[in-house]
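Reader: Got a minute to walk me through this one? Pull it up first.

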Amino acid sequence: MTLLADRPAVVEEGSDHEHGAGPSGFLKWVTSTDHKVIGKNYTVTAVIFFLLAGAMAMLIRAQLANPDSTLLSQHTYNEMFTMHGSLMIYLFVGPVAFGGLANYIVPLQIGAPDMAFPRLNALSYWLYLGGGSLMMLGFLTTGSAADFGWVAYAPLSNSINTPGAGPDLWIVALILTGFSAIFTGVNLVTTIYYLRAPGMTMFRMPIFTWNMLVTGILILIAFPVFTSALVLLWCDRHLGAHIFEVSGGGVPVLWQDLFWFFGHPEVYILALPFFGIVTDVIAVFSRKPIFGYRGMVFATMSIAALSTSVWAHHMFTTGVVLLPFFSLMSYLIAVPTGIKFFNWIGTMWRGSVKFDTPMLFAIGFLVTFLLGGVSGILLASPPVDFATHDTYFVVAHFHSVVMSLVMAAFAGFFFWYPKMTGRMLREGLGKATFWLMLVGANVTFLPQYLLGLKGMPRRIAEYAASDGFTTLNRISSAGSVLLFLSVAIFLVNVVVSWWKPIPAGDNPWDASSLEWATSSPPPHHNFLKIPPIRSQRPVWDYNHPEDRIIEHAKARPGGFVASGGVGTVLLADVNVDGEDTLETRDPDR
Amino acid sequence: MKIESYVLLFVGFFFGLVGLVYWLWSHEDAGSVMLLGTFLLGSVPGFYYLWWSRRMRPRPSDDPDATLEDGAGVVGAFPGSSIWPFVLGLGATFVALAFVFGAWTLGVGLFLAVAALVGVVYESRRGGLV
Amino acid sequence: MGIPGGAKLRRVARFLLFSTIALALGGCTLPTFGGFRGATTQGQAEFKLWSWMTMAGLVVAAIVWGLILWAVIAYRRRDPDKMPRQFHSNAFVEVIYTAVPLIIIGVIFFYTVKTENTVDALAPHPAVTVRVTGFQWGWSFSYRDPQGKQIALVETAQARPPVLAGNPTSAEYPQFVLPLGETTQIVLESADVVHGFYIPAFNFSRYALPGVTNNFDFTPVHTGVFAGHCAQYCGLYHAEMLFSVRVVRPGAFQAWLSTQPASGAAT
Ligand code: HEM
Ligand SMILES: [Cu+2]
Ligand SMILES: [Cu+2]
């Protein structure tokens, strides 16, 4: 299934040797402005934070496996769930999506040579790494790491209730990563608006790229609010600003408003990229075009918009918010989400579904996310939320969601790993990872729904034997062991792929979007040749001429229909004074 | 450029509407202000793009029939590699540290940040690796 | 163009729907799905909504899971050389699955607002008023007469508890008392950070929010002792910010009230 006969031999190690004098090794890591290098750096860093946060989750589950547990002190436990949540949300799921996979894939999918602002892109990464390191530095301070929960509700987060350097580090770390995210958002939107290849109209972009555009805009809406709120919190702690303090005439609940105005869109900043991955993976492994493409785009935009008007559904039990408004807006999100679900099913419908690992993970996502969605609808009803707020029911709800996103992330890893490295991951190990994760996630989190309904509050370091929470907690902890194994097997898979490589070729999955037209890994500045773009599936059209859908094509010389020819992009990639000037040229002239 | 502007105008339109409803219904300040801000975030660049899309030369990336030759010419200038983002990021991290420990790191951080700004400006003036 | 397999699926869906409704109506009592039935009138209203919504949710989920499973099994790749037909939209189906969820949501929203108004309704003349204050790490329950004068006080004795949490209903933790069948108004406040006043069996929680006073009513319908927790994380000993509530007949309530000191330290 090769796209082009005359492509250069697959480059074994590193992709920019044809570039000549580019630095390598450590210097490359520090100085590269190539979106592929930065994307890989982001991915690896984010996965490291995932492993750290996962280790904390294992400690949490170990603590809760027994009643009256004294494995961790109350204080340590509080640190653990705070840092577990913070690392997972701020440093893993978001960055791995918009900093890692999107950074790597979006320019490839639209036929761009790089992100629009490569230096800014590099700065995003360094701010992210700096911020992440500062947050972890909290563990080394004499006090402790942050221990006010990942939401840092005022006034618990003030300098009296949680004094010390750990919480301060948490605040400044998130200011840094906040700027990092904003820069990435700007970069994504600009790249998608300005660097698309000729013929790559907006409605031909892969859904992943569409979702990253919307995610980028959502980042620009949400993160500035959070970053400024953190600055205000810092002022409260150090300058006595009393913005969130009753004593100085401030309003504690204002923090919750600001936080959740960021926090709920953040949930979709985390989710939309993975919706995009799943959409594309399902289409590829069903050998069909996406069902309801435009509906999908519209649904993404509606979800993003609605998600920014539901923030106070996290504040139903404050007693000071407009319940019907936020309840209705939350319910409405179910409509575009439903559209997406049925489009996913429609894409598989009468297709030819092949169960390679990425597809298995995508199906795992569907199954698990549905559960999170249904429990989310329940929580959007204020009376039901009164009964379940801040219990394990909520913990179970959002873990159904985030574990489905983790599965989608793995779908993305398995799908694009060959593109990023030129090597395949092992299918057998991949399938083991999948089944352990699917079973593990549900064994871990289904019992937590019941625990919440029985009245177990979240964020408690211990419970009494007589509470009747023990059995379900044990089942949950056992499930988390399966999750641990699943991730361990994934790491083995990566090691094996380095130790005994199986070359991937350019397009191992018979996929359809532009990133599969170039070599694996792609060369510096991405493309030596680009096929004509005449539909949402340029590579598919090229490989399956009899099965293409060309909705709009005047037969123009050099166009796809007329000649089936291959255009050539990027001939002049010369390093003049350290800057590469890229030109597109007509191959025939 | 039209679809691009519609995407942003959709944001403006949606939050204009929702912001208005929310304000009239709740009279709550914080949320209304944030919704107003979001309305502006969508509509200001959205209208600018719309205005601009009428004036600009059509772009090959908006033309469903464009061929690669239509896009022939300079795509842009991209830096090969640069040390300055790293230096600036390090500087910012040190500055951030100063807001926790109130210490000498502020000087180091500011020095690195300024050096990076100067470096980046010179780099894009005259080029030059690292 | 119709969706093949649709008729079969519709039949399955109809079966699921009807069997659930039959179960619910025929069985007379609503299924709990693990939740509490509610020991107050407000909690019972919540329970009804919870049960119906969960049923609806599970039916929808079952249909969608079924469709996913069907698609995955029926359309698995059997012949690697056969290319499926490349269809990519169906306006009719797409409109249906946009419109139907909208209708479902309309119905759910209607009942949500109705229930919410029941749960949040405040009686103009409650029989009892209790001012509840959350603090790090405990609760105080101050009974007030109609003039606002404190007539009884129950509070946490040990704000810095020993390291292991006990059962909320044990004597280490404060227990306040409510009269059966009468409406008690709770006036909820916080002395420091945000706490969550949560009684699982009442299907209810509400933040104790600094600077804000929250009012809500309980009208208990069962006697008994019920556990209470702080639900909103409030710092080091959050796990031990426990209490309980005992519901007794009105006569016993008056007797209990008269034995309580108007101020100070009985727990
Ligand atoms: C890998 C398996 C995981 C396990 C076993 C796990 C376990 C837990 C548990 C038991 C809690 C509740 C702690 C408490 O309330 O006392 C928790 C909280 C949380 N988890 Fe996870 N988790 C996992 C993965 C994730 C992922 C992937 C994410 C996000 C992407 C995530 C985000 C959170 C957040 C935000 C909280 C709330 C923290 C807080 O209350 O401040 N978790 N986790
Ligand atoms: Cu939310
Ligand atoms: Cu608490």
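Author: Sure, one term up front: buried means under 20% relative accessible area, exposed over 50%, and partly exposed in between, with a 1.4 Å probe and protein chains only. This is a predicted model, where local features need pLDDT of at least 70, side-chain atom pairs count only at pLDDT 80 or more, and totals for chains, interfaces and linings use all residues. Residues are numbered from 1 along each chain as its sequence is written, chains are lettered from A and ligands numbered from 1 in written order, and side-chain values use heavy atoms, without hydrogens or water.

Reader: Cool. Which protein donors does the copper ion (ligand 2) have?

Author: His264(A) through ND1, plus His313(A) and His314(A) through NE2, at 1.5 to 2.1 Å. Donors are N, O and S atoms within 2.8 Å of the metal (3.2 Å for Na, K and Ca); water is not among the atoms, so sites may look incomplete.

Reader: And what's their spacing along the chain?

Author: H-x48-H-H.

Reader: Are His264(A) and His313(A) buried or exposed?

Author: Both are buried.

Reader: Switching topic: how many residues of chain C are in contact with chain A?

Author: 82, touching 93 residues of chain A; contact means heavy atoms within 4.5 Å.

Reader: What area is buried there?

Author: About 7500 Å², with carbon and sulfur atoms giving 68%. That's the accessible area (1.4 Å probe) that two parts lose on being put together, summed over both.

Reader: Which three residues of chain C supply more of that than any other three?

Author: Arg77(C), Tyr97(C) and Tyr233(C), with 11% of the area chain C buries against chain A.

Reader: How many salt bridges across that interface?

Author: The rule finds 0, taking a side-chain nitrogen of Lys or Arg within 4 Å of a carboxyl oxygen of Asp or Glu.
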